[in-house]
Every structure is written in structure tokens, then in C-alpha cells.
Amino acid sequence: MKKALVTGITGQDGSYLAEFLLDKGYDVWGMHRRTSTMNFDRITHITDKIHLVQGDLLDQNSIQNLIREAQPDEVYNLAAQSFVPTSWNQPLLTGEITALGVTRMLEAIRSVNPRIKFYQASTSEMFGKAREVPQRETTPFYPRSPYGASKVYGHWITVNYRESYGLFACSGILFNHESPRRGLEFVTRKVTNTAARIKLGIANELRMGNLDAKRDWGYAGDYVEAMWLMLQQNEPDDYVIATGETHSVRELIELTFGYLDLDWQKYVKIDTRYVRPAEVDLLVGDASKAHRKLGWKPKVALKELVKMMVESDLQLEKELSGRKNKR
Ligand code: NAP
Ligand code: F7E
């Protein structure tokens, strides 16, 4: 039985990857940081099937001890301070976790067992003010936030440990991927959740930032398969994972409100609090290397993804208001 350690197990991708690896017959270990209130909401249904162990990307010893204890074959480093706006308010913390945290992981692997395969969660945010359309593995990076800059460091340190020490270290350059488990602050979930609440009469407006930004949105459940495939190859390498389609935030809103038979123009208000100091205007990925070498292709398109998220949010919000009414 293969053993995998997943950092960021409590996050969106961690939960889907854990399910995927369990299905493949893996012994799954999940690293989580200590919190005063448990935040296992996304993994409640599998907590009895995985080993949950405490550790923090800020704490070298905790990571090292954990890797020594788990003795994994594969490590997936998904933990990060991942929300772009927060990275302007907390740039140093973002750098410590999202950038230096990667070196802490790599150092722990190097000292405990350099044969462990390593996956780094890189991102399309590294392309930022994109130098080329569509973006591929060779497109130069131009990050536009402390988050993007931290991820560029994480990406290059992964490449560097592969080239310096021969580690089997891969970097997946994943474009935005979403799901019903997406954090409520990210744009897709903010839109689907608020639209669902408007439909149910619980909310009456949606306050948004820049509607012109364009993103290549895929489904998280599809993308975790690509992470795994990267570590099953004969040679470590870096891959862009994307759908190849781009849509504006405005289109996302139209699609979501349209699905609910609502006129979005009646509810959406522009609020400068949500406009970023520097924007990433247009992202669209060329995943042809992943198609060719990994045999990976996305299965869920944006329309279907929106439907999945809206249906889930309608259900969730009905349950929440049902519970409130009982109190
Ligand atoms: P997410 O939902 O924000 O999850 C982030 C995870 O990191 C959470 O489990 C969080 O734990 C954990 N974490 C944060 N700081 C930590 C620390 N100091 N030590 C240990 N764990 C820590 O993010 P996601 O959407 O699943 O994304 C997974 C990874 O892929 C991230 O690295 C993200 O930057 C990257 N990425 C995401 C996308 C995307 O579109 N989703 C695209 C490209 C790359 P808590 O629950 O305790 O906060
Ligand atoms: O914003 C615009 C905003 O926060 C998308 C992370 O997972 O994907 C994510 O980063 C766009 C931006 O994602 C609002 O200005 C307009 O242009 O959903 P987001 P992101 O910044 O692209 C990448 C790949 C990652 O790696 C990150 O970890 O939507 N936008 N109005 C808004 N965004 C938010 N959040 N809220 C708004 O009100």
C-alpha cells in the first residue's frame, strides 16, 4: 500500500485529493495546523479513513518529525496562505508560509528520505501580468501580488532542489479551480453563494470588485488527478493544468444569476473595497503538455461547474435557515 502525506488537508484541494488517493488504495496522512476550533468541515466524511497529524509550514521540526513518522512515498504540498487580497495585508506571513514553507518541506524530505516524491502547488498567479496568451510552462513569470511572488519562489526552489539534489520534485502550475468546497471569499463561491441567498430571500445584493478580470476556471475534482499523475511519471517535470477557456467575472455572474432566473444588474453593486492594488487581467492556460504526457483532460466545463456550485449552495443555505428557524 502506497503512503501519501498531504499538507493543507483541511482546504478545498486537500479534501478532494484525499478522497482521490483513498480511492486509489493509498494510506493517506493529512497535516493540519492546530486551531482553537476544529475546521475539518471539508473532510468530516473521511476523517476515520485518514491519519490526521498536527504540523505547521512555519515550524521546521514539526514537518521533519511528521515525515519521519509517516515515511510517505509521496508528499503533496498544498498548504499555503492562498487568498490573494490577504497577501497585501499580510505579506510577510504569506512569504513565510507560501514561499519559505516550500523550502522547509523540501529540506525535511532531503534529510529524512530523498527518495520521497514531492508535488508543489504552483499557480497561474505566477504569470500575473501575462507575457503571452495562452500561458504555458515556458511563459515568463510576472507576479502581481505578494502571493504570486511567494509562489514564484516556491516554484523555483522546487525546480532547484530537483536539479541540485536529484529529488523527484514536480510543480503543477494550476489555473483557478473551484467547487462547492471553495472558500466563500473566492469569486466563484462568493457569487454562487450570494446568488443562492438572494434567490432564497436571505440576501439582497452582491458587492463586487473588478468585473472585467478574466480567468480560466476548472473543477477542483478534475485537477487533483493531474497532481497524482505528475508523481506517477518516470521523470519529474512541471505542467500547466487548465481548461484552455477564459471567462470574465461578469460572464460568471451572468451565468450564475441566469441559472437562477434572476436579473444580475438589479443586485450587483461595485464596491472599491474589492478592487486590488494590482490586478491580473487575463489568464488562460495551454495544458497541451499535460494532455500529451499525462493523458490528463478536464471533464467539467464552467457552465456545469456553476450549476454544481449553485445547487450545492441552495441546499446549504436552506439547511442553515432551517436550523436557525428551529432555534
Ligand atoms: P485553501 O482552501 O485555502 O487551503 C489551504 C490549506 O493550507 C488549508 O488547509 C490551510 O489550513 C493550510 N495552511 C495554511 N497555512 C498553513 C500553515 N502555516 N501550516 C500548515 N497548513 C497551512 O487552498 P486550495 O484552494 O485548496 O489550494 C491548495 C493549494 O493550491 C494552495 O497552495 C494554493 O495556493 C494552490 N493553488 C490553488 C489554486 C486554486 O484555484 N484553488 C490554483 C493554483 C494553486 P487551515 O484550514 O488551517 O487554514
Ligand atoms: O479572484 C476578481 C478578482 O479571489 C478572481 C486563488 O485560489 O486562484 C485564486 O486566485 C478574480 C480576480 O481568485 C471580486 O479581482 C472581482 O481578478 O477568486 P479570486 P484569484 O485571485 O484568481 C489562483 C490560481 C490561486 O492560486 C489563488 O490561490 O475575481 N474579483 N470581484 C473578485 N474576487 C474576489 N475574491 N472577490 C470579489 O468581490
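Q: Which residue has a side-chain N or O atom 2.8 Å from an oxygen atom of ligand 1?
A: This is a predicted model, in which local features need pLDDT of at least 70 and side-chain atom pairs count only at pLDDT 80 or more, while totals for chains, interfaces and linings use all residues. Residues are numbered from 1 along each chain as its sequence is written, chains are lettered from A and ligands numbered from 1 in the order in which they are written, and side-chain values use heavy atoms, leaving out hydrogens and water. A polar contact here is a pair of N or O atoms within 3.5 Å. For ligand 1, the side-chain partner at 2.8 Å belongs to Lys151.

Q: How much of the accessible area of ligand 1 does the protein cover?
A: Backbone atoms take part too: an N or O atom of Asp13 lies 2.8 Å from a ligand 1 oxygen, and one of Leu78 lies 2.9 Å from an oxygen of ligand 1. On its own, ligand 1 has 910 Å² of accessible area (Shrake-Rupley method, 1.4 Å probe), and the share covered by the protein is 90%.

Q: Which element gives the largest share of the shell around ligand 1?
A: The shell has 25 residues (each with a heavy atom within 4 Å). Helices (H or I, at least four residues) and strands (E, at least two) are DSSP runs numbered from the N terminus. Helix H1 (12-23), strand E5 (117-123) and helix H5 (146-165) each supply at least two shell residues. The largest share, three residues, comes from E5.

Q: What percentage of ligand 2's accessible area is covered by the protein?
A: Let's look at its polar partners. A side-chain polar atom of Arg182 lies 2.9 Å from an oxygen of ligand 2, and a side-chain N or O atom of Arg215 is 2.8 Å from an oxygen of ligand 2. Of the 700 Å² that ligand 2 has on its own, the protein covers 95%.

Q: Is helix H2 parallel or oblique to helix H4?
A: Helix H2 (residues 60-70) and helix H4 (residues 91-112) pack with axes 9 Å apart, at an angle of about 40 degrees. Axes are lines fitted to C-alpha atoms over the stretch in contact, and angles run from 0 to 180 degrees between N-to-C directions. Under 35 degrees counts as roughly parallel, over 145 as roughly antiparallel, 65 to 115 as roughly perpendicular and the rest as oblique. Therefore H2 and H4 are oblique.

Terms used
A polar contact is a pair of N or O atoms within 3.5 Å; within protein, one must be able to donate a hydrogen and the other to accept it, and residues adjacent in sequence count only if both atoms are side-chain atoms.
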